[in-house]
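Please open the structure in your viewer and keep the sequence panel beside it. This tour suggests what to select at each stop and then says what is there.

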Amino acid sequence: MLGGKSHLDLRHSPLPACRSSILHLSSLIPPMRWTQTLIPTLKETPAEAEIASHKLLLRAGLVRKLSGGLYTFLPLGVRALRKIERIVREEMNRAGALEVLMPALQPPEIWQKSGRYETASDVLLKARDRAKKEWVLGPTHEEVITTLVAGEINSYRQMPKNFYQIQTKFRDEIRPRFGLMRAKEFIMKDAYSFDATDELAQVSYQKMYDAYARIFQRCGLKAIPVEADTGIIGGKFSHEFMVPAETGENEVVYCEGCNYAANIEKAMSQGPAVKTHKLAPPADEPHHPAKFPTPGVVTIEALTKAPHNVPAERQIKTLVYLVDSKLVLLLLRGDDQLNEAKLISALGTGNLRPATAEEIFAAMGANPGSLGAVHVTKIPIYADSLLCDATGMTTGANEDGFHFRNVSINRDIPVNHWVDLRSVRLGEACGNCGKPLKVQRAIEVGHVFKLGTKYSEKLEAFFLDESGKQRPAVMGCYGIGVTRTLQAVIEQSHDKDGVVWPLSVAPYTVCITPLSVTPGGPVMTLAEKIYGELEARGVDVILDDRDERPGVKFKDSELVGFPIRVGIGEKSLAKGEVELKLRGGALTPVKAEEIVAKVTEIIGRAE
RNA sequence: CGGAGCGUAGCUCAGCCUGGCUAGAGCACUUGGUUUGGGACCAAGACGUCGCAGGUUCAAAUCCUGUCGCUCCGACCA
């Protein structure tokens, strides 16, 4: 079911649209006249915004920045957000998950208990109360929900259970950026499943996976599920839902030949076209490494040039890392790049960093650029699997200005661990089907994890199974960045004039644009009538009753991106017509008496 | 955390290098008028502790120091 393949690929098999609720948000948030709400559109782009979706969030009057990574949602932004949240709720409820609401403020004790007070300390925002007691502003809620379940669920008969919430999270981002994409405070839907066995947990996982596919599809997003690294949350395996976008902060490796798709942090391949172990050793290969002078050569690239002319795939790159305060050597082929996520997963700890130049010199007796692992025994050596059996390699001699050639890794380097450390590169053969892999930048909007029993054991969420034996619950956790999803929709759906909202998440579905707002005049009278009738049918409609010139109204409606615009002017009204304009489409004259039916038909068709 | 850049009206920016008179423009805002199918025009007006603190100077938006904030790049490629 989950093995090596993405179960569902939205590129090829769109889900059938399900019965939804583009109508009737009005019971919560009433229809609106433009002059009565606040839609502060901007002609010019604020200097702080870099990418299209961030610019449009500001220009269309959806959000305003309070401080770095902290945003106020304005009325239009709230409406779009509520629509996404409602889709999420409907699909979570449909999948059998139960809505709860947990505290954002959490006691540090539960984080100490799970061990993440240390391992996740970089992202934990903390606060102190009057008694100087410390509190944690929750970046996620595994600790809280597991504590709850530990107290409330004691029998396999009470499972499966899946709890979710839509709530504000806090993360101490090193560098908030791109508006809502990476913020200090953001809204997340998080869900946590509890099962009696591994097999049942798999079922819960699959339910969420399927729910996520539906959620993003209903939001009008093309989101691709990919295999992912589990990061600091831990766990056995996971999938991320990725929205392809050049401005995304992640890279996805995918294959067009089969359904393989993975985050680059996790992706595997059959390796590069030039196989190390197939490189024939040079004819004059002696039976030992040979030292040769390389003054001033401190990069892989420099060694590829004259007079040395050693191809990068013939070099061994030696990196020094400090892992849990101890040095390790990492060996990669010269043309490969270290993938830190893979390193973390190979070592089983995230507590690592590159060693400093001083630490390196103290340990190796040479500076970066002249490092190598030949005959090194005092430091553990992790080598990338691609170097297995490599012969005739060149590497640093641990003496500034010298390298070794004729290095055979099996003979000359005492490798302790062979692991996968390299990043897959564009064009390498797919591990499943052999076709060339592609790489695409993407925005992560959702992540599903199968956690196992890591948290249930540490936080003592035990239950009694059928045989009366005490066992830890098997957990899964599932997140959707709700505010990020909102911005991803804009990033994926906009043009030069503004946002192009999908019907399902547009702040208002219909914008009525009378070109004259004279009270009691024929134009405004008809506009009011259509407004009232659409409102009565539960359509999310806004009436642009501003006394503005037509150009201003048209530009604003396109900037904000309402899917349907009904234009009413004296010219067309003389013929008994109004103008129907779909965002991004052509203008269509429609008989005034038919417009309400026509609009509801368009909306109904989309449901 | 390292590097770079920027902080002047609600927004976009000029002025700073080379110190000097009352600190400017466009957009937005207020009032009046003319306009009215794709971000109008005319006139009048309101809006600024030039991020903050200190220093140099007869004189600081301008030079120096510090500090705070924002943006971008980096924080694997030895």
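## A hairpin to begin with

Start by selecting strands S6 and S7 (residues 134-137), which run antiparallel and are joined by four bridges. Keep in mind throughout that this is a predicted model. Within this pair, look for alanine 127, whose bridge partner in S7 is tryptophan 135. Now add strand S5 to the selection, and you have an open sheet of three strands in the order S5-S7-S6, with antiparallel pairing. Strand S5 (105-106) and strand S6 (125-128) stand at the edges with a single partner strand each, so one side of each is left without a neighbour in the sheet. In general, the strands of a sheet pair through backbone hydrogen bonds, either parallel or antiparallel.

Next, select lysine 132, which lies in the loop between S6 and S7. This residue has a positive phi of about 70 degrees although it is not a glycine. Is lysine 132 buried or exposed? It counts as exposed, because it has 6 C-beta neighbours inside 10 Å.

## Two more backbone details

Move to glutamate 460, in the loop between helix H11 (454-458) and strand S23 (462-464). Its phi is near 60 degrees, again a positive value in a residue other than glycine, and with 14 C-beta neighbours inside 10 Å glutamate 460 counts as partly exposed. Then select methionine 159 and proline 160, where the peptide bond from the one to the other is cis, with omega near 5 degrees. Proline 160 is found in the loop between helix H5 (142-152) and strand S8 (161-170). As background for these stops, most residues other than glycine have a negative phi, and most peptide bonds are trans.

## Tyrosine 117

Select tyrosine 117, which has its place in helix H4 (residues 116-119). Leaving aside residues up to four places away in sequence, tyrosine 117 touches Pro108, Trp111 and Gln112. Because it has 17 C-beta neighbours inside 10 Å, tyrosine 117 counts as partly exposed. If you draw a distance from its C-alpha atom to that of aspartate 545, which is 428 residues away along the chain, the viewer should show a separation of 54 Å.

## The domains and the cores

Zoom out and colour chain A by its domain assignment, which gives domain 1 (42-268 + 439-491), domain 2 (276-419) and domain 3 (508-606). The centres of domain 1 and domain 2, taken over C-alpha atoms, are separated by 38 Å.

Which residues have the most contacts inside the largest nonpolar core? They are Val510 and Val566, in a core of 125 residues. Helix H6 (residues 198-218) contributes the largest share of this core, nine residues. Domain 1 and domain 3 both give residues to the core, so it lies between them. Apart from it lies another core, of 22 residues, including Val328, Ala373, Phe404 and Ile409. For a closer view of the first core, select valine 510, which touches Leu534, Val539, Val541, Phe562, Ile564, Val566 and Val599 when residues up to four places away in sequence are not counted.

## A sheet with a helix across it

Now select the open sheet of five strands, in the order S17-S15-S16-S18-S21, with mixed pairing. Strand S17 (352-354) and strand S21 (417-419) stand at the edges, each with a single partner strand, so one side of each is left without a neighbour in the sheet. Neighbouring strands of this sheet are turned against each other by 30 degrees on average, direction ignored. Look then at strand S18 (residues 381-384) and S21, which run parallel and are joined by three bridges; here alanine 383 stands opposite tryptophan 418 in S21. Add helix H8 (residues 340-347), which lies across S15, S16, S17, S18 and S21 and runs at about 135 degrees to S17.

## Colour by confidence

Finish by colouring chain A by pLDDT, which averages 87, with 91% of the residues scoring at least 70. Confidence is lowest in S17, at a mean of 78, and highest in strand S4 (residues 98-99), at 98. Over residues 1-27 the pLDDT is below 50. Where pLDDT is low, the predicted coordinates should not be read in detail.

Terms used
Residues numbered from 1 in each chain as written. Chains lettered and ligands numbered in written order. Predicted model: local features only at pLDDT ≥ 70, side-chain atom pairs only at ≥ 80, totals over all residues. Core = buried A, V, L, I, M, F, W, Y, C linked by C-beta atoms within 7 Å. Buried ≥ 20, exposed ≤ 12 C-beta atoms within 10 Å, placed from the backbone. Helix = DSSP H or I, 4+ residues; strand = E, 2+ residues; numbered from the N terminus. Domains from an automatic or database assignment. Contact = placed C-beta atoms within 7 Å. Pairing = 2+ DSSP bridges. Axes fitted to C-alpha atoms, helices over the stretch in contact; angles between N-to-C directions. pLDDT = per-residue confidence, 0-100.
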